[in-house]
Every structure is written in C-alpha cells, then in structure tokens.
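Student: I would like to learn how the words used for a protein structure are justified. Could we go through one together?
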Amino acid sequence: MKPLIAFCLFSFASAGVMFAQQGSAAPAADDNAALQQKVRDLEDRLIALEGQVRTLKAQAVQAPAPAPTPTETPAGAPVESVAASPVSLGGAGGAAAKALNPDISMIGDFVAVAGGNSIRPSPSLEMHESELGVQAIIDPYARGDFFLTFGEQGVGLEEGYITFTALPGDFVARVGKMRSAFGKVNGMHNHVLPFVDRPLVTQNLVAGEDGIDDAGVSVERIIPFPKGIFLSATGQVFRGDSGSGDELVFQAHDNSDVSTVAHLRSYKDLTESTNLEIGGSYARGHNELGSNFITSLYGVDATFRWKPLRRAIYNSFVGRSEFIWSQRHETGFEQRAFGMYASGEYQFKRRWFLGGRYDWSDRARAANLTDKGGSVILTYWPSEFSQIRGQYRFTDYAGDHKTNELLMQVLFSLGAHGAHPF
C-alpha cells in the first residue's frame with residue numbers, strides 16, 4: 001500500500017510541476033495559481049487516505065479472534081461448538097473435502113399396467129426400478145461410474161466401470177461391467193428410453209431388458225473422416241454371459257468362451273437443425289448348448305433428429321430404427337431370425353411429446369414364430385427432473401395371441417445425474 005501511495009504522490013507532484021511550467025508560459029498568472037492549489041488539495045486527500053488505511057490495518061491486528069461457542073455435553077462438561085471448530089476429513093476440510101465426494105443420484109421408475117398378457121405378464125403396480133448413480137473424476141486420466149439397480153427381485157449392478165480418457169493414440173478404454181455398444185437401445189438405461197417397455201426385437205433377440213450387459217473391456221477411438229462426418233469405432237471383449245432363461249443370448253462354459261462386440265458409428269449434421277446417425281454392430285458368443293455352439297448377431301441402426309434453433313424448447317422430432325439378424329447354432333441346424341422396430345417422438349409443446357413405435361420380430365429359438373405390435377406414447381415433463389408417460393400397446397404374438405394393454409410410467413430424479421449419450 002505504501003509504494004502505491006508514494007507512486008500516486010509522485011505522479012500528482014509531477015503533474016503539478018508540468019501544469020506549473022505550462023502556466024508560467026501562459027500570460028495569466030491566476031491560472032498557474034489555480035493549478036498549484038489543485039495539486040495541493042490532491043496531495044492532502046492522499047495523505048488523509050493513507051492515514052485511514054493505517055488505522056484500519058491496526059484495528060484488524062488488534063481485534064481478538066471470536067471465542068468458540070460453548071455447548072453442553074450430556075455429562076454437563078462444556079465443549080467447543082462444532083461450528084467453531086471445522087472438521088478435517090482425511091486431511092482436507094471444507095470445500096476441498098466436498099470436492100473429493102462423487103456425484104450421487106437416485107432415479108425412480110414406477111410402472112402400472114392395465115390389461116391382460118399371458119405371454120409376458122406384468123404386475124399391475126410395481127416400483128420397476130430404482131437406479132443409484134455414483135460418478136466422479138478419479139484423476140486427470142480417468143473417471144469412475146457406478147449404477148446400482150434396486151428392484152422387487154433384489155439389488156444388482158447394472159454398470160460399474162473406470163474410463164481411461166488420456167491413453168496414447170487418442171484411444172478411450174473402459175474396464176468393468178457395462179452395457180455393450182451393440183445397436184442403439186441396448187446401451188440405454190430404462191429411464192432414458194422414450195417408451196415404457198423395450199421393443200420386441202430386444203426381448204426376442206438381444207437378451208431382453210438387461211441386454212448384452214457383462215464384465216469386460218471396451219476400447220474406442222475416433223477415426224478422422226472428411227466432409228464433417230464424425231466416425232468412431234468400438235471393440236469390446238466380455239466374459240461371455242448375457243441374459244437368462246428364454247432371453248439368454250451368450251453363456252460361457254469355460255474361461256475361453258468370451259463374447260465379442262464391434263460397433264461402428266457415424267454422425268453428420270445435415271443442417272443447423274437436423275442430424276443423422278447411422279451405426280453397424282456385430283456380436284459373437286457361445287450359447288447354452290456348449291462351447292461348440294455359436295450365436296452371432298448383426299445389427300444396423302439409424303437415428304434422425306430435428307431441433308430448430310429458434311423453437312428448440314417447443315418443437316423437436318427424433319426418429320429411430322434398428323434391424324437385427326440372429327444366427328444361432330443348434331444341433332444339426334441353424335436358427336436364423338430377424339427383427340426390427342421403428343419409432344418416432346414429436347414434441348408439440350414445451351412439455352408434451354407424442355410418439356409411436358412399430359415392432360416386428362422372429363424368436364431366436366423358433367425363427368418360424370413371429371411377434372408383431374404397435375404402441376402410441378404420450379409423455380409429459382413437469383420439469384427436467386420428472387416424467388409422466390402413458391403408453392397404449394397392442395401385441396400380436398405368434399399363435400394368434402393378441403393383447404391390448406395400457407401402461408403408465410412415472411420417472412423422477414434426485415441429485416446430480418450425468419448426461420447419457422444421445
């Protein structure tokens with residue numbers, strides 16, 4: 001502070017001398033006297049300011065530290081207040097300790113079903129899933145993500161992996177338990193889907209609601225490509241167990257029976273308001289019949305998005321479609337099944353979305369049996385933290401089993417939940 005005030009005094013004094021020299025050259029002596037008086041006034045004000053600064057510094061040094069507020073223990077002995085004595089956690093207190101805590105969130109998924117379905121029955125009311133997310137940056141080179149699911153059948157680990165983001169050669173690797181990159185819907189958590197249930201092709205050919213979800217290693221790399229096209233390739237190796245019961249796709253009989261997944265994704269902005277994403281997938285693993293029996297899946301997916309810049313919060317459209325082929329080796333022959341779905345979701349008001357979906361799929365273990373269906377979906381978003389969705393679903397199962405059902409879903413989110421890939 002003293003060097004600053006001295007510099008100001010020197011500057012004002014120099015300015016006064018300059019003004020005085022200019023005034024002596026002027027014909028009017030009164031102007032010279034006025035300028036000198038202004039310089040003196042400024043010097044007096046700076047001296048007074050320096051005195052005030054010294055006084056404030058002296059008061060700050062002499063002021064005693066606030067005494068801790070005494071409280072009473074159950075035995076009556078006074079102790080210092082917790083608020084007056086900050087707690088140190090692991091050598092870091094306050095904001096530093098908070099920065100070490102991960103982001104924690106909980107998402108609830110409540111589903112109600114009206115109507116009969118003897119092929120795939122569902123309870124009338126259920127807390128379908130509660131997802132606990134724990135996510136954090138581990139260090140400058142990695143981050144960790146865990147998603148635990150709590151349902152009426154118990155607790156499970158949906159995903160739990162570490163992502164290495166700073167590998168040589170621009171590679172990104174994941175290690176842990178994760179949803180595979182096969183197709184589009186397989187990688188989505190339930191609360192991200194634009195419909196209450198999963199398409200028939202997912203249930204018949206790709207391990208149902210859990211999908212290809214296994215422990216393994218994933219490596220991804222962005223491939224440079226011209227003309228504004230984003231291209232990425234993903235290769236994954238899993239333990240080899242995906243699905244259960246009639247929805248089982250892969251099963252490992254020994255340590256060498258791993259399953260593999262490859263996915264190529266391309267993305268391009270068509271205009272300022274529209275973009276198109278196209279992907280190709282391949283999965284291979286052993287089925288429940290033994291190590292010599294292979295199941296292969298081939299998939300093509302496409303997603304079109306429209307979101308006008310000027311009306312982005314009021315109008316949008318997303319169209320999705322997937323086509324999947326299954327080749328399942330069995331004793332003496334091969335089951336070849338095909339399935340697909342096509343869906344669209346249009347936002348017609350700020351919080352209202354209207355959608356539809358068409359389903360068509362053979363069955364993996366009986367390719368001569370085909371299930372078909374259609375749905376109409378209406379979704380209302382009270383806020384970005386909750387959704388209320390109604391879905392009318394008609395299904396024509398093989399064997400002339402027709403069902404009409406009305407599904408209602410309530411989704412709600414607590415805490416900080418990281419964004420999912422769109």
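Tutor: Gladly! Let us begin with a definition: a residue is buried under 20% relative accessible area, exposed over 50% and partly exposed in between, using a 1.4 Å probe and protein chains only. This is a predicted model, in which local features need pLDDT of at least 70 and side-chain atom pairs count only at pLDDT 80 or more, while totals for chains, interfaces and linings use all residues. Residues are numbered from 1 along each chain as its sequence is written, and side-chain values use heavy atoms, with hydrogens and water left out.

Student: Why is Ala207 called buried?
Tutor: The relative accessibility of Ala207 is 3%, and the limit for buried is under 20%. Ala207 therefore counts as buried.

Student: What makes the phi of Ala207 worth a remark?
Tutor: Most residues other than glycine have a negative phi. Ala207, in the loop between α4 and β10 (213-223), has a positive phi near 65°. Lys227 also has a positive phi, near 60°, and lies in the loop between β10 and β11 (229-238).

Student: Is Lys227 buried or exposed?
Tutor: Exposed: its relative accessibility is 72%, and exposed means over 50%.

Student: What makes Glu277 and Lys184 a salt bridge?
Tutor: The term asks for a side-chain nitrogen of Lys or Arg within 4 Å of a carboxyl oxygen of Asp or Glu. For Glu277 and Lys184 the N to O distance is 3.0 Å, so the pair fits the definition. Glu277 lies in strand β13 (residues 274-286) and Lys184 in the loop between β9 (171-179) and α4, so the pair ties together parts that are 93 residues apart in sequence. Glu277 is buried at 2% relative accessible area, and Lys184 is buried at 12%.

Student: How do you know that Lys402 and Asp400 form a salt bridge?
Tutor: Their closest N and O atoms are 2.6 Å apart, and the limit is within 4 Å. Lys402 is partly exposed at 49%, while Asp400 counts as exposed at 58%. Elsewhere, salt bridges that share partners join Asp197, Arg357, Asp359, Arg393 and Glu405 into one network. A search of the whole structure finds 20 salt bridges.

Student: How many helices and strands are there?
Tutor: The protein chain has four helices and 20 strands. These are DSSP runs numbered from the N terminus: helices are H or I with at least four residues, and strands are E with at least two.

Student: How do you know that β18 and β19 pair?
Tutor: Two strands pair if DSSP finds at least two bridges between them. Here 10 bridges join β18 to β19, and the strands run antiparallel. Ser375 stands opposite Arg393 in β19, and the two strands form a hairpin with two residues between them. β19 also pairs with strand β20 (residues 401-415), in the antiparallel sense over 12 bridges. In that pairing, Gln391 stands opposite Leu407 in β20. The hairpin of β19 and β20 has three residues between the strands, and Gly399 in the turn has a positive phi of about 95°.

Student: What makes the nonpolar surface patch?
Tutor: A patch uses residues with over 30% relative accessible area and no salt bridge; like charges are joined within 9 Å, and nonpolar side chains (Val, Leu, Ile, Met, Phe, Trp, Tyr) within 5 Å. This nonpolar patch covers about 790 Å², and its members include Trp352, Leu378 and Phe394. Leu378, in strand β18, has 37% relative accessibility and counts as partly exposed. The area comes from the Shrake-Rupley method with a 1.4 Å probe; for residues, only the protein chains shown count as cover.

Student: Which residues have the most contacts inside the largest nonpolar core?
Tutor: They are Phe182, Leu205, Ile212, Ala283 and Leu297, in a core of 25 residues. The elements giving two or more residues to this core are α4 (200-205), β16 (333-347) and β18. A nonpolar core is a set of buried Ala, Val, Leu, Ile, Met, Phe, Trp, Tyr and Cys residues joined through side-chain atoms within 4.5 Å.
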